[in-house]
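Please open the model in your viewer and keep the selection tool at hand. We will go from one stop to the next, saying what to select and what is there.

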Amino acid sequence: MGLATPTAITVAMGRAARMGILFTKAAALETARTITTVLFDKTGTLTTGSLEVTQILPTQNWGGGEGEKGRGGEQDFLRIAASIEQFSEHPLAKAIVARAVAEGVALYRPADFHSSPGGGVTAMVHRCRYAAGSANYIASLGVAIPSEPTLADGVTTIHLADLDDKKHLGVIALRDTLRSESAKMLQTLRDRGYHIGVLTGDSEPAAKAALQGLPIDFFRGNVKPEEKAAAITELKSKTKIAFVGDGINDGPALAVADLGIAIGGESGSDLAKAAGDVLLMNAQLSRIPEVLQLARHTLRIIKQNLFWAFAYNFAALPLAMSGLLSPGLAAAAMMLSSLSVVTNALRLYRVKL
């Protein structure tokens, strides 16, 4: 009986390690079998996180030519945006900086840089304080956001603002690419009866357009990191939640979910990896259904092990008490009991996930 549970858990964690799945705590394996809803971050999780700038759209407030504050045209707009974003770890910021570098744009070194997770950044360039981030973040700084220009479906936008004059200066549109395995993985989860949702800092229309056609039950957009955690806490009262994420902004959500699944590899942040209960070492989304299925099979094996362990003891104890079971036979029965438990647990190496 003492071998029934730890043997199955040890074998399951060994099977998981062979597949590039690391359980940071044994209890996560037990929790995984109870999950009924799987929530995902979008950028860097369901998508590759390798964003590309598709449009740069300064407004009239930018001041074309050699206008206000010496601002030039579109390239200078990109220079300012990339300069204040260059110390940010967010994929959107990295994409903007990469576009500037690709165009050979020399960046300024900003002063007084400040980052608001899930919102944006602020910094000083040439004695002017700028902000770059989501529409909600810019609005929270007291800058009025005009209606966005016509953009392609599924793009994410970063707004640039002059905080000294409280003026909206323009928009940069970026497009992400869906991971090749996302659609199949989500469909597998749906076929196995899981509910699927997306919590993202992007606007809900943009997220829906980018993930159009995928089997997703609900979206929540414009969600800050702390709001992701609050949303999961709210949903936990109704269902068992697994959250899948990769970025710094996903740390609170990974920590508060019943099961936090962090994307490893180069795309995952150290904070996300530390906060997760399960780490996908190779960033393979296809492993997520296998994690949950392995947990269910492990519970089944544990129950079988306990049954056989109790069966041997219930059969042997009365015989031993009545004198019908010699010490040698009792030892053989105990050895057979232990052997059956270990052999049954080893089946987890071969079970189909």
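The tour below visits some strands, a helix residue or two, and a pocket.

Before we start, note that this is a predicted model, in which local features need pLDDT of at least 70, side-chain atom pairs count only at pLDDT 80 or more, and totals for chains, interfaces and linings use all residues. Residues are numbered from 1 along each chain as its sequence is written, and side-chain values use heavy atoms, with hydrogens and water left out.

**Stop 1: strand β11**

Select residues 241-245, which form strand β11. Helices (H or I, at least four residues) and strands (E, at least two) are DSSP runs, numbered from the N terminus. Is β11 mostly covered or exposed? It is mostly covered, as 5 of its 5 residues are buried; buried means under 20% relative accessible area, exposed over 50%, and partly exposed in between, with a 1.4 Å probe and protein chains only. Now show the side chains: in a regular strand they alternate between the two faces of the sheet. Here I241, F243 and G245 point one way, A242 and V244 point the other way, and all are buried.

**Stop 2: the partners of β11**

Add residues 37-40, strand β2, which pairs with β11 in the parallel sense over 4 bridges. Two strands count as paired if DSSP finds at least two bridges between them. Look for T37 opposite I241 and V38 opposite A242.

Next, add residues 259-263, strand β12, which runs parallel to β11 and is joined to it by 4 bridges. Which residue of β12 stands opposite A242? That is L259. Colour helix α10 (residues 251-256) as well, and you have a right-handed β-α-β unit made by β11, α10 and β12. Right-handed is used for a crossover where, with the strands pointing away from the viewer, the path from the first strand over the helix to the second runs clockwise.

**Stop 3: back to β2**

Centre on β2, where both faces are covered: T37 and L39 on one side and V38 and F40 on the other are all buried. Residues 195-199 are strand β9, and β2 pairs with β9 in the parallel sense over 4 bridges. V38 stands opposite I196 in β9.

**Stop 4: T43**

Select T43, in helix α3 (residues 42-46). T43 is buried, with a relative accessible area of 11%. Leaving out residues up to four places away in sequence, T43 touches G49, L51, P91, D176, D202 and D246, where contact means heavy atoms within 4.5 Å.

**Stop 5: H297**

Move to H297 in helix α12. Why does H297 count as buried? Because its relative accessibility is 14%. Beyond its neighbours within four places in sequence, H297 is in contact with L348, V351, K352 and L353. Try a distance label too: H297 and A12 are 285 residues apart in sequence and 8.9 Å apart in space, C-alpha to C-alpha.

**Stop 6: a pocket lining**

Finally, select E181, K184, M185, T188, R192, S286, P289, E290 and L353, which line the second largest pocket. Both α7 (182-191) and α12 (287-321) supply at least two residues of this lining, and α7 gives the most, with 3 residues.

Note on methods: 1 Å grid on protein atoms, 1.4 Å probe; cavity = no way out; pocket = protein on both sides within 12 Å on 5 of 7 lines; lining within 4 Å.
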